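Reader: I have a few questions about this model before I take it to the bench. Could we go through them in turn?

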Amino acid sequence: MLTLNHVTKYYGKNLANDDISFQVDSGQIAILLGPNGAGKSTIIKCIAGLLRFQGDITIGGHGNKTTEAKRLLAYIPETPAVYDMLTVSEHLEFIRRAYRIEDDGYGERLLERFELADKRDKLGRDLSKGMQQKLSICCGLVHRPKLIIFDEPMVGLDPHAIKELKLLFREQKAQGAALLISTHMIDSVEDYWDVTHIMVNGRFAATQYNRPEELKARSLEDLFFAITEGGKPS
Ligand SMILES: Nc1ncnc2c1ncn2[C@@H]1O[C@H](COP(=O)(O)OP(=O)(O)OP(=O)(O)O)[C@@H](O)[C@H]1O
């Protein structure tokens, strides 16, 4: 569903992503795990079509900046960007109109799951940061994307929303969506992932698959600290 080939991104002279290639298949959850400044948000913004880069990114076989690719994609950014003067309900209506989809009640069900249904008439500017983040998740999912990218999704969410979001990751995977989730918190990754790429200094320092034999040999946490604190991955 998502393929990156030799993606390199410079900010001026600063190399943020260094020749990155990987793919995420339908029904797969891929994690980008790395310390602050590793380049996770940058690669995600390249995929979402927000930055210029060298290399090649396709979504469902379409170039990432095409309309076809954008129909398949949901990008839920680290910092939610909601419209000050639209209500919660109007946000979902706006997305449905943009994607030309009928209201089949899915948006309302998402609001209920994230405890926003009773906030449906509140303006974006009057929502707390956590509520804005939950609304941003609902807006991202309402068009039933096939590739869902979350940048640091757990930060700022309450325990109910975190639980609901983890459930949602599993459901989306079961329904055949491809998920790419960036985080710097190993604990938040738990056991729902299929593959984790550990990112350091703009590169993939290691890739671990969620297979019992690999994890028995070394946990994700051990691998992460071996790489980020100077040890050598074996
Ligand atoms: N707009 C920008 N202009 C210049 N340099 C930038 C810009 N955004 C990020 N960088 C640099 O690119 C590198 C990668 O940053 P990025 O935000 O992608 O890391 P990250 O892994 O997402 O970090 P965090 O976990 O802190 O969000 C860092 O060295 C950062 O200083």
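Author: A definition comes first: two strands pair if DSSP finds at least two bridges between them. Note also that this is a predicted model.

Reader: Which residue of strand 4 stands opposite Thr3?
Author: Strand 1 covers residues 2-11 and strand 4 covers residues 54-59. The two run antiparallel and are joined by five bridges. Opposite Thr3, in strand 4, stands Thr58.

Reader: Why is one side of strand 2 and of strand 5 left without a neighbour in the sheet?
Author: The sheet is open, with four strands in the order 2-1-4-5 and antiparallel pairing. Strand 2 and strand 5 (62-63) are at its edges, so each has a single partner strand.

Reader: Which element gives the largest share of the shell around the ligand?
Author: The residues surrounding the ligand include Tyr11, Asn14, Lys40, Ser41, Thr42 and His184. Two elements give two or more residues to this shell, strand 2 (14-24) and helix 1 (40-47). The largest share, three residues, is from helix 1.

Reader: How many residues of the shell around the ligand are charged?
Author: Gly34, Gly37 and Gly39 are among the residues around the ligand, and Gly counts as polar. The shell has eight polar residues and three nonpolar ones. The number of charged residues is one.

Reader: How far apart are the end C-alpha atoms of residues 2-226?
Author: An unreviewed UniProt entry lists residues 2-226 as "domain: ABC transporter". That span is 33% helix and 28% strand. Its end C-alpha atoms are separated by 29 Å.

Technical notes. Residues are numbered from 1 along each chain as its sequence is written. This is a predicted model: local features need pLDDT of at least 70, side-chain atom pairs count only at pLDDT 80 or more; totals for chains, interfaces and linings use all residues. A residue is near a molecule or strand if its C-beta atom, placed from the backbone, lies within 6 Å of it. UniProt positions are given in the numbering used here, feature names are shortened, and annotations may be inferred rather than shown by experiment.
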